[in-house]
Amino acid sequence: MDLAVETDSSEAGGPAAAVVDVAAERARTVGVSYSHHLNSAGSALPTGAVVEAVVGHLREEEREGGYEASAARRADVEAIYASAARVIGAQASEIALFDSATTGLRVIVDALRFGPRTRFLVSRSTYVSHALHLLSISAETGAELVVVPPGDDGALDPDALEKLLASGDGREDVVCVAHIPTSSGLVEPVAEIGALTRRYGVRYLLDATQSVGHLAVDVDAIGCDVLVTTGRKFLRGPRGTGFGYVRRSLLETLTPVAPDVRGAVWSGDREWHLADTARRFETWESSVALRLGLGVALDELLERGIEVTAGHLVRTAAAIRAGLAGIGGVTVQDPAACGSGIVTFTVDGIGADDLNRRLAEAGVRVVSVPASHGQWDLGYRGVPSVVRASAHVYNDDADTAALLDAVATVAGRA
Ligand SMILES: Cc1ncc(COP(=O)(O)O)c(C=O)c1O
């Protein structure tokens, strides 16, 4: 099934652009018949093939035993590294598979081994778990942590970052940015940031949890040294999956804090050597079934193409934002630099949890995001919580209309 062959020639005179075949995506996504699911930034609906890959492998484990079932799928597991690498423009040897983005970031960040001369330059978009990890490192080692101020559009201000980089004073700077945060539709200027980190020769860690499978992500074009992402969000993979990337030149210099039999060989009484790939960061034990599901999801994305995917997500979000802006009592909370498929909003007189619950009663699945998930963003802006709607390729006009109708109803009664 070719899922990106539909064309849209609505722009008079312009070339017909490929668009997502939404009907085909819906046909292979059983979840669309249960709700108006607009929560891909939480956990997207998987296709039937993704679920089959997981369940089928569990059945194989039931029949053959876990090790035997895994041995039979060795080539398919290998292929996951190649697919993940293709999605972000990396080499398969630079990819490590994890059970979440947070695990990947923790293992790689710990391998970087920071000290009192370290200075973390972080974006306001930083996710709670990453922020708490960096704050802990900072408290324990004396490493400095600076939150880089945003510009008027809400995105990290590259001029402010450059000033900080230029004032390094012999400190070892590390730049940490989330491409898209958990708390808004913001898209950080990741390539501009990468141009700066290259110019100043500092390390650049990118949390692409909300952007891989959503927008085009190419590690060379961006210039990041480390990237992590998760499986269950815009990649439409199973929960409990994720992967990380470490640039080859950095990889060779990093040793994991706790080497595991998966990524190291204990070669003598007091000797061991590490895998020469990013697998040095992995653990032996993992869910092969879930990884096989992730592999299917990655291949489905590669088949559909990121440009058509991004186009559909961004257009859907823009339509939702425009619709919400026309409803009395509703405030769209996204900053000006919001070119993604995520929309955040509030309704006067009603808390985000309550609003989320009422939308769920109307069959619309969104989520509420509290400031405790992003203090440097929502906390900084003085917004206690928002409701977040996030689109995917299976969302159609009826989903958008259902969300807008439900919000209008709740806002009218608030
Ligand atoms: C921007 C961002 N980074 C990281 C994470 C953490 O991902 P995971 O739950 O896979 O560890 C999230 C989860 O919502 C997120 O939104």
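# A tour from the ligand outwards

Start by selecting the ligand and Thr 230: an N or O atom in the side chain of Thr 230 sits 2.6 Å from an oxygen atom of the ligand. With the protein around it, the ligand has 91% of its area buried, out of the 390 Å² that it exposes when taken alone. Keep in mind as you click around that this is a predicted model.

Stay with the ligand and pick Gln 210 next. Here a polar side-chain atom comes to 2.9 Å from a ligand oxygen atom. Then try Ala 101, where the atom to look for is in the backbone: an N or O atom there is 3.1 Å from an oxygen atom of the ligand.

Now bring up the whole shell. Besides the three you've already seen, the residues around the ligand include Ser 100, Thr 102, Tyr 127, Ile 180, Thr 182 and Asp 207. Add Thr 209, Arg 232 and Lys 233, which are also among the residues around the ligand. Colour the shell by class and you'll get 3 nonpolar, 6 polar and 3 charged residues.

Asp 207 is your way into the next stop, as strand β8 covers residues 203-207. How many of the 5 residues in β8 are buried? The count is 4, so call this strand mostly covered. Show β7 (residues 172-178) as well: β7 and β8 run parallel, joined by 5 bridges. To see one pairing, select Val 174 and look across to Arg 203, its bridge partner in β8.

While you have β7 on screen, click on Cys 176. Is this cysteine buried or exposed? It counts as buried, because its relative accessibility is 0%. Cys 176 is not part of any disulfide, and the whole model has a count of 0 disulfides. From Cys 176, the nearest cysteine sulfur belongs to Cys 224, 12 Å away; a disulfide would need the two sulfur atoms within 2.5 Å. Hop over to Cys 338 too: it's also buried, because its relative accessibility is 16% and the cut-off is under 20%.

Finish with two arginines in loops. Arg 113 lies in the loop between α6 (101-112) and β5 (118-122). Its phi is positive, about 50 degrees, although Arg 113 is not a glycine. Arg 236 is in the loop between β9 (226-230) and β10 (242-246), and this non-glycine residue has a positive phi too, near 65 degrees. Switch on the surface for these two: Arg 113 is partly exposed at 46% relative accessible area, whereas Arg 236 is buried at 4%.

Key:
Residues are numbered from 1 along each chain as its sequence is written. This is a predicted model: local features need pLDDT of at least 70, side-chain atom pairs count only at pLDDT 80 or more; totals for chains, interfaces and linings use all residues. Side-chain values use heavy atoms; hydrogens and water are left out. Buried means under 20% relative accessible area, exposed over 50%, partly exposed in between (1.4 Å probe, protein chains only). A residue is near a molecule or strand if one of its heavy atoms lies within 4 Å of it. A polar contact is a pair of N or O atoms within 3.5 Å; within protein, one must be able to donate a hydrogen and the other to accept it, and residues adjacent in sequence count only if both atoms are side-chain atoms. Accessible areas come from the Shrake-Rupley method with a 1.4 Å probe; for residues, only the protein chains shown count as cover. Ala, Val, Leu, Ile, Met, Phe, Trp, Tyr, Cys and Pro count as nonpolar, Asp, Glu, Lys and Arg as charged, and the others, Gly among them, as polar. Two strands pair if DSSP finds at least two bridges between them.
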